[in-house]
Amino acid sequence: AYFIMDLETENFVPHVNSLLDEVDALENLVYVLSVSERNDLLRRMAMCRRRIASFHQVTWQKKAMFQQLKSPKCVMEAPESLPEVYVQDILDTLNFMTTRLKLAREFLDGAQTTYLARISVESADLSSEIEGRMNTMSTVATIFVPLTTITGMWGMNVVVPGQVNEFDESSFKTYVPFILICGGMLGVSIILTYYLRKYAML
């Protein structure tokens with residue numbers, strides 16, 4: 001009976017070792033997989049975590065049972081020295097598997113932490129790149145905004161300074177529409193600036 005129990009317990013050891021190897025492989029894949037393959041990595045991590053929990057539940061139940069068999073309160077029909085040796089051997093195997101499962105869980109947690117850290121670094125790099133491009137666009141816009149303003153002012157359908165035509169350039173009334181339009185543009189700019197500063201948008 002003890003041989004059968006020991007054999008059944010030993011059968012779990014290769015599965016636990018393969019689980020630890022799987023976690024080690026996942027930890028290495030964190031550094032090499034591309035963005036398109038990360039969904040599969042997360043799926044494998046979730047499956048591995050479920051396997052660890054399942055094996056841990058089985059080993060914990062077996063360990064509790066054999067600890068109960070080893071206790072003085074348990075009466076066994078086999079010779080006194082034989083049961084304790086076999087039970088202790090099985091407990092050693094269960095403790096070995098429990099330790100390996102704990103290591104696998106810690107390694108998997110470390111792999112997930114590394115994965116999240118890599119995602120954060122890549123997001124920060126992407127944000128920095130976008131910010132650099134926006135700064136470039138803002139610089140270009142800053143250069144062209146006054147040029148566009150001047151072009152728009154001198155392209156209006158009114159008499160503007162420097163225009164050579166049949167109008168009397170020496171008369172102030174000739175430039176009244178131009179002055180009124182410029183004054184309106186300045187007033188709108190002042191009002192918008194006031195409200196944007198009031199609502200902390202500028």
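Colleague: Before the aromatic pairs are counted, what makes two rings a pair?
Modeller: Rings of Phe, Tyr and Trp pair if their centres lie within 6.5 Å. This is a predicted model, and the number of aromatic pairs the structure holds is three.

Colleague: How are the rings of phenylalanine 12 and phenylalanine 55 arranged?
Modeller: A pair of aromatic rings is described by the distance of the centres and the angle of the planes. For phenylalanine 12 and phenylalanine 55, the centres are 6.3 Å apart and the planes stand at 85 degrees. Planes over 60 degrees apart count as edge-to-face, so this pair is edge-to-face.

Colleague: Which helices does the pair of phenylalanine 12 and phenylalanine 55 link?
Modeller: The two residues are 43 residues apart, and the pair links distant parts of the chain. Phenylalanine 12 is in helix H2 and phenylalanine 55 in helix H3, so the helices are H2 and H3.

Colleague: Is phenylalanine 55 buried or exposed?
Modeller: Buried means under 20% relative accessible area. Phenylalanine 12, at 23%, counts as partly exposed. Phenylalanine 55 has a relative accessible area of 15%, so phenylalanine 55 is buried.

Colleague: What secondary structure does the protein have?
Modeller: Along the sequence the pattern reads α-α-α-α-α. The count is five helices and zero strands.

Colleague: Which helix gives the largest share of the largest nonpolar core?
Modeller: This core has 24 residues, and Leu41, Met45, Cys48, Ile52 and Leu108 have the most contacts inside it. Helix H2 (12–29), helix H3 (38–70) and helix H4 (81–154) each give two or more residues to this core. The largest share is 10 residues, and it comes from H4.

Colleague: Which residues does leucine 41 contact, leaving aside its neighbours within four places in sequence?
Modeller: Leucine 41 is one of the residues with the most contacts inside the largest core. Beyond those neighbours, its contacts are Leu26, Leu29, Val30, Leu33 and Tyr115.

Colleague: How many residues has the other core, the one with Met153 and Phe178?
Modeller: This core lies apart from the largest one. Val160 and Cys182 are also among its members, and its residues number five.

Colleague: What is the area of the nonpolar surface patch that includes Tyr194 and Tyr195?
Modeller: Tyrosine 194 lies in helix H5 (residues 176–198). Tyrosine 194 and tyrosine 195 form an edge-to-face pair, with 5.3 Å centre to centre and 75 degrees between the planes. Tyrosine 195 is partly exposed, at 42% relative accessible area. Together with other residues, including Val188, Ile191 and Leu202, they make a patch of about 980 Å².

Colleague: What percentage of the residues counts as buried?
Modeller: The protein exposes about 14,400 Å², and carbon and sulfur atoms supply 64% of it. Of its 202 residues, the share that counts as buried is 20%.

Notes: Residues numbered from 1 in each chain as written. Predicted model: local features only at pLDDT ≥ 70, side-chain atom pairs only at ≥ 80, totals over all residues. Heavy atoms only, no water. Core = buried A, V, L, I, M, F, W, Y, C linked by side-chain atoms within 4.5 Å. Buried < 20%, exposed > 50% of the residue type's maximum accessible area, 1.4 Å probe, protein only. Helix = DSSP H or I, 4+ residues; strand = E, 2+ residues; numbered from the N terminus. Contact = heavy atoms within 4.5 Å. Patch = residues over 30% accessible without salt bridge, like charges linked within 9 Å, V, L, I, M, F, W, Y side chains within 5 Å. Areas by Shrake-Rupley, 256 points an atom, 1.4 Å probe, with all protein chains shown as cover. Salt bridge = Lys/Arg side-chain N within 4 Å of Asp/Glu carboxyl O. Phe/Tyr/Trp six-rings, centres within 6.5 Å; stacked < 30°, edge-to-face > 60°.
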